[in-house]
Amino acid sequence: MSSRYPEVLFYNMHLTEVQEDVRIGAGTRIGSFSLLHAGAVIGTNCLIGSHCNICSCEIGNNVSIQTACHITRGVTIEDDVFIGPGVVTLNDPLNGDALRYPVIMRGARIGGGSLILPGVTIGENAFVGAGSVVTRDIDSGGTSFGNPARARAFGGQS
C-alpha cells in the first residue's frame with residue numbers, strides 16, 4: 001500500500017484493508033484493523049483511528065475520526081470535524097424509504113459513542129455530547145446532547 005499512498009501513514013499497513021478506488025490525501029494517518037471501502041474519499045491531514053469502517057463517503061481535510069467508528073455510505077463530513085470514538089452513522093430509515101445520508105458540517109464536534117440517524121445534518125461548529133442519539137438536525141453553533149439529542153445551552157441548561 002505504501003506505493004499506492006506514499007504520502008499516507010498507515011500504523012500497520014498489513015492490518016488495514018484499502019479497497020480499490022479509494023482516495024486518501026497527503027498527511028493522513030490510518031490506524032490498524034480499519035476498512036476503507038471502494039469509493040471513499042478522505043482529505044489531507046486526517047486521522048482515521050483503528051478499528052474503523054469507512055464506507056463510500058466524502059471526508060474533508062483536517063478531520064479526526066477516532067477509534068471504532070462506522071461512517072456509512074453516502075455520509076459527507078466537511079473540513080475540521082472531530083468525531084469521538086465509537087460514533088456510528090446510519091443511512092437507512094428502515095421503513096422502505098430511500099437511503100438518507102447524514103451531513104456533518106465544518107468544525108462540528110461529535111462526542112464518543114454518539115449515534116447519527118439517517119438524513120440528519122449537524123451544522124457548522126455544532127457540538128454533540130457523548131452518547132447522544134441525534135434524531136434531527138442540529139443548528140450551526142448549537143450544542144445538543146441526550147437521547148434523543150436536544151438543543152441545550154452550554155453547561156446543560158435548557
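This tour goes through a predicted model in three stops, with a selection to make at each.

**Stop 1: residues 127-128 and 143-151**

Select β19, residues 127-128. Add β21, which covers residues 143-146. β19 and β21 pair in the parallel sense, over two bridges. To find the register, show F127, which stands opposite T143 in β21.

Now extend the selection to β22, residues 149-151. β21 pairs with β22 over three bridges, and here the sense is antiparallel. Show F145 and R150: R150, in β22, is the bridge partner of F145. β21 is thus seen with a parallel pairing to β19 and an antiparallel one to β22.

Next, look at the connection. A hairpin of two residues joins β21 to β22. P148 is in this loop. Display the backbone of N147 and P148: the peptide bond that joins N147 and P148 is cis, with omega about 0°.

**Stop 2: N45**

Move to the loop between β6 (41-42) and β7 (47-48), and select N45 there. Check its backbone torsion: phi of N45 is near 55°, a positive value in a residue other than glycine. With a surface displayed, N45 is partly exposed, and its relative accessible area is 46%.

**Stop 3: A68**

Select A68, in the loop between β10 (64-65) and β11 (70-71). A68 is not a glycine, yet its phi is positive, at about 65°. Is A68 buried or exposed? A68 falls in between: it is partly exposed, because its relative accessible area of 40% lies between the cut-offs of 20% for buried and 50% for exposed.

Methods:
Residues are numbered from 1 along each chain as its sequence is written. This is a predicted model: local features need pLDDT of at least 70, side-chain atom pairs count only at pLDDT 80 or more; totals for chains, interfaces and linings use all residues. Side-chain values use heavy atoms; hydrogens and water are left out. Helices (H or I, at least four residues) and strands (E, at least two) are DSSP runs, numbered from the N terminus. Buried means under 20% relative accessible area, exposed over 50%, partly exposed in between (1.4 Å probe, protein chains only). Two strands pair if DSSP finds at least two bridges between them.
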